[in-house]
Amino acid sequence: MLDILPITTRLIETRNTQYYATSVCETDSDSSGGPLARLQHYLRHRPAGCFIDKHQSSGVTSCDHEPHAATESGGIHPSANHAMANTSLPCLVFEYGDERPTTLYGAADGAHRPCEIDVLLTKQNWVTAHGWVLARDPDTSATFLWDPQDPEHGRVVLPSLPQAPPLGSDCVLSGDPTSPDGCTVVLPEPYDSTALWYCHAGSASPEWVRYEYDLGGKLVVIGKHRSWLKRCVFGLTPYRGRFYFPIQTNKYGVLEFSPEPALSTVKTKGIKLTYPPSGEKCVHAWSSLLDLDGELHKVSISFADLEMRTVNDVAVYKMGFDGSRCVRVDDIGDRAILLSSRSNMAGWCPASKFGLLSNSLYWMSGFDKCLHVYDIGTNTEEVRQCQDIAEQSSLPFWLVPVHRA
């Protein structure tokens, strides 16, 4: 049975703008359970890609789009061809961790379907921004990449991963694993860990290596309270053979392989965002980098409060380094960006080809359990109510069409 979810619309006004370059705002001291305690808990347990930044914010508006008809679908496993034949990509995957079955939500047609994809139900999986999904068999340790669009031949075999990285690890690829040179597969362990796994797929002797690093740390001061936090690699994003990750609002880390890993930093001039309506100098934002068809961009969703329930602005920036300023863009062409609160990973796909709104951002919020669809050009927002299917689900993730070289 297919459920079509309702759509509502909302208008958010644009506010005053200024540049920001600092990282954490001051908050009045408070007892357990108050703003300070929530902020400290947030800093410790925030999902990858979530930030608290000073001098940051802005605005969006509203539009009324009907769900677009899907034009393509994909498959995953020979035993599940019939399932993927009826599943439009891209789609959100909802997992519940109990007797309720895993379900899929099609972004194009707005339909909610049961999931019958064998590899998703029986293997450990890590999605990537390129569309490929890394899978590991928990019984045999067999490891491979699979393509949601190719049910029979869409697999790239990798060396067995001897142990599964911790829950919450992300997966990124340097490029197309089917290209003649292959690619590097990287699994950064989650927040509070200072280790990552990597494998040079396509090399003469590929193997998984666990690499430990030391990026130092930072002292977070909140009123009279202080906390030392280790810096870690999170929000890792592939771009032109390297991997970028945020360190500060105007500083990014760079991971590259030759073939051993090496870490460096690069600076940028910051981003032009807006203050919230309250005039508060502390704004909270969810940010993610992505390689958008050969150019590095940043998506930023700003909120009006610490609870991150009221969106104040959605913006896309073309990144600039070595003295260049990041520039806000109003047109990404016939593309749709796909973002989830489960991790900082942002993907994209051709919009019209897959029945999506052109020049848009599709973001599944973990705060209000709604799918937000933003028209970047008109600064408008469509909200799809997903509370029923998202209730008690772990944060969903996207299955996106594979990008090929």
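What is the mean pLDDT of the protein chain, and what share of its residues reach 70 or more?

**View 1. Confidence along the predicted chain.** This is a predicted model. The mean pLDDT of the protein chain is 77. A pLDDT of 70 or more is reached by 74% of the residues. Residues 1–86 have pLDDT below 50. Beyond near neighbours in sequence, this stretch makes 283 contacts in the model. Where pLDDT is low, the predicted coordinates should not be read in detail.

**View 2. The protein chain as a whole.** The chain has 405 residues, and 55% of them count as buried. Its secondary structure comprises four helices and 32 strands. Among contacts with a separation of 6 or more, 57% link residues 24 or more positions apart. The accessible surface comes to about 16900 Å². Carbon and sulfur atoms account for 48% of that surface.

**View 3. An open sheet of four strands.** The strand order is 18-19-20-21, with antiparallel pairing. Strand 18 (237–239) and strand 21 stand at the edges. Each edge strand has a single partner strand, so one side of each lacks a neighbour in the sheet. From one strand to the next, the twist averages 35 degrees.

**View 4. Strand 19 against strand 20.** Strand 19 covers residues 242–248. Five bridges join strand 19 to strand 20, and the two run antiparallel. One bridge can be picked out by residue: Phe245 has Gly253, in strand 20, as its bridge partner.

**View 5. Strand 20 against strand 21, and the hairpin between them.** Strand 20 spans residues 251–257, and strand 21 spans residues 261–267. Seven bridges hold this antiparallel pair together. How many residues does the hairpin use to join strand 20 to strand 21? Three residues make the connection. Phe257 is bridged to Pro261 of strand 21.

**View 6. His372 and its polar contact with Asp368.** His372 sits in strand 30, which covers residues 370–375. Is His372 buried or exposed? His372 has a relative accessible area of 0%, under the 20% cut-off, and therefore counts as buried. The side chain of His372 makes a polar contact with the side chain of Asp368, at 2.8 Å.

Methods:
Residues are numbered from 1 along each chain as its sequence is written. This is a predicted model: local features need pLDDT of at least 70, side-chain atom pairs count only at pLDDT 80 or more; totals for chains, interfaces and linings use all residues. Side-chain values use heavy atoms; hydrogens and water are left out. Two strands pair if DSSP finds at least two bridges between them. Buried means under 20% relative accessible area, exposed over 50%, partly exposed in between (1.4 Å probe, protein chains only). A polar contact is a pair of N or O atoms within 3.5 Å; within protein, one must be able to donate a hydrogen and the other to accept it, and residues adjacent in sequence count only if both atoms are side-chain atoms. pLDDT is the predictor's confidence in each residue, from 0 to 100. Contact means heavy atoms within 4.5 Å. Axes are lines fitted to C-alpha atoms, for helices over the stretch in contact, and angles run from 0 to 180 degrees between N-to-C directions. Accessible areas come from the Shrake-Rupley method with a 1.4 Å probe; for residues, only the protein chains shown count as cover.
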